[in-house]
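Me: I am new to this structure and would like to go through it step by step. Please reason each reply out before naming the answer.

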Amino acid sequence: MRYSKADRLIVIGAGITGLMTAINARLSGLDVYLLEKGKMPSGSSARIAGVLHSGARFAGWDDELAKVCFEEWKWWVSVLGKEEKKIGGYFLKTKTESDQYLESWLSSLKNIGIPFTEVENPYIGGDIKKENIDRFYFVPEIQINARKLLNKLLELAINLGVNYLPSSVIQEVERADGGYRISVRNKDTLKLEGFPVISSGIDIPEVAKIFGINVTSKVYQGSHILLNTDLTDLLEFVHKPGTYDLLIPSDLGTFITPTLVPYNGLTVSEEELAGLSQVLKNLFEIEPEVIGYMIAGRISISSPDSTLKGDYLAYTQDTILAWSNNYACGKRLAYAIADILGIKKALTAASLISD
Ligand SMILES: Cc1cc2nc3c(=O)[nH]c(=O)nc-3n(C[C@H](O)[C@H](O)[C@H](O)COP(=O)(O)OP(=O)(O)OC[C@H]3O[C@@H](n4cnc5c(N)ncnc54)[C@H](O)[C@@H]3O)c2cc1C
């Protein structure tokens, strides 16, 4: 294994991916530095609605991903216990959409074991055109307090001996034996030597550039779309008050959700946007104006040594790039990185939840 000698990991970015990587590596006996540019973990992980996806949104077009997501969902549910709040995921099919996608979606849910129920007479409020809804499904999804979980993970990381360096700015990197020497401006200026894992979320391309790596990311189906519609109107469309993950599959296999998502500068295909606009037009009286979207990015470089699918990880020029495409994936990435580094998969549910 190429990196078995690495005994210090420098994890850049303390979102869910970086935190889980740092904890796992620390439990495996590595010396770990966790650099964060903010005072606290920020990025997407700190802003999410906290939906632990059941995997249903990936079913029908990426069953492998849906399966892993469902496995992780079960793991998180068992770990989080009473922290979780059960909410629903609601999937709609409009009358103009073909049955083909729905059939493959349902058949995948059955194969994978993701529970679902069809709702015969859903309560639907707001401006939605009920007559255009053909079928309505409920899948069990869980909501967590993401900020609380992040704080807990950070506390655990620090207690385990991870050297957490908030407000860090990387100034310079240079090659050194067994990895890189990284100059970091924190309170002081530090020079750290070790093996870097870049887990800076949508800033991965920017940070990778410092390491001389040019990252190309590709659009990931399942983008979140932000509509120029009042959020409370959108929330009204859901079945029960207090539950709110409304997912609308389109023929292209994408979903929209009433999630407030900032535009992050990545691109979405014309075809995908056209498909989503059509679905929205069918559902609402209004002509929706899409004003922004979030792409859950996958890095398109593959990792030859990982036993997991290459999309989630990459290592080039002796660095690992790690990017999760949903919250649950933090665990998978941590394991995959441990796998690449040849270190023990030591993260246990018990350690994670110890207060
Ligand atoms: C609004 C929104 C809602 C979402 N809702 C859900 C949901 O309900 N369920 C779900 O599963 N997924 C959801 N997602 C997706 C999910 O949040 C992300 O896939 C996941 O949090 C990404 O984690 P990450 O650790 O890879 O990146 P991030 O959480 O973005 O973490 C990256 C970290 O790196 C730091 N950083 C950046 N640059 C540097 C640097 N130069 N030096 C040091 N540190 C740096 C950032 O400050 C940040 O703390 C949502 C995303 C958004 C934006």
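Me: Which residue in strand 10 stands opposite Val11?
Reply: This is a predicted model, in which local features need pLDDT of at least 70 and side-chain atom pairs count only at pLDDT 80 or more, while totals for chains, interfaces and linings use all residues. Residues are numbered from 1 along each chain as its sequence is written. Strand 1 (residues 8-12) runs parallel to strand 10 (residues 189-198), and four bridges join them; two strands pair if DSSP finds at least two bridges between them, and strands (E, at least two residues) and helices (H or I, at least four) are DSSP runs numbered from the N terminus. Within strand 10, the residue opposite Val11 is Val197.

Me: Which residue of strand 17 is the bridge partner of Val197?
Reply: Strand 10 is also joined to strand 17 (residues 319-322) by two bridges, and these strands run parallel. In strand 17, Val197 has as its bridge partner Ile320.

Me: How many residues lie between strand 9 and strand 10 in their hairpin?
Reply: Strand 9 (residues 179-185) pairs with strand 10 in the antiparallel sense, over six bridges, and Val184 stands opposite Leu190 of strand 10. The two strands form a hairpin, and the number of residues between them is three.

Me: Is Gly179 buried or exposed?
Reply: Gly179 is found in strand 9, and its C-alpha lies 5.2 Å from that of Gly194, although the two are 15 residues apart in sequence. A residue is buried if 20 or more other C-beta atoms, placed from the backbone, lie within 10 Å of its own, exposed if 12 or fewer do, and partly exposed in between. Because Gly179 has 22 C-beta neighbours inside 10 Å, it counts as buried.

Me: Which helix supplies the largest share of the shell around the ligand?
Reply: The ligand is surrounded by 40 residues, counted when the C-beta atom, placed from the backbone, lies within 6 Å of it. Helix 1 (16-27) and helix 2 (43-47) each supply at least two residues of this shell. The largest share, four residues, comes from helix 2.

Me: Why does the shell around the ligand lie between two domains, and which are they?
Reply: The domain bounds come from an automatic or database domain assignment. The shell lies between the two because both give residues to it, namely domain 1 (8-45 + 147-215 + 299-353) and domain 2 (87-144 + 221-294).
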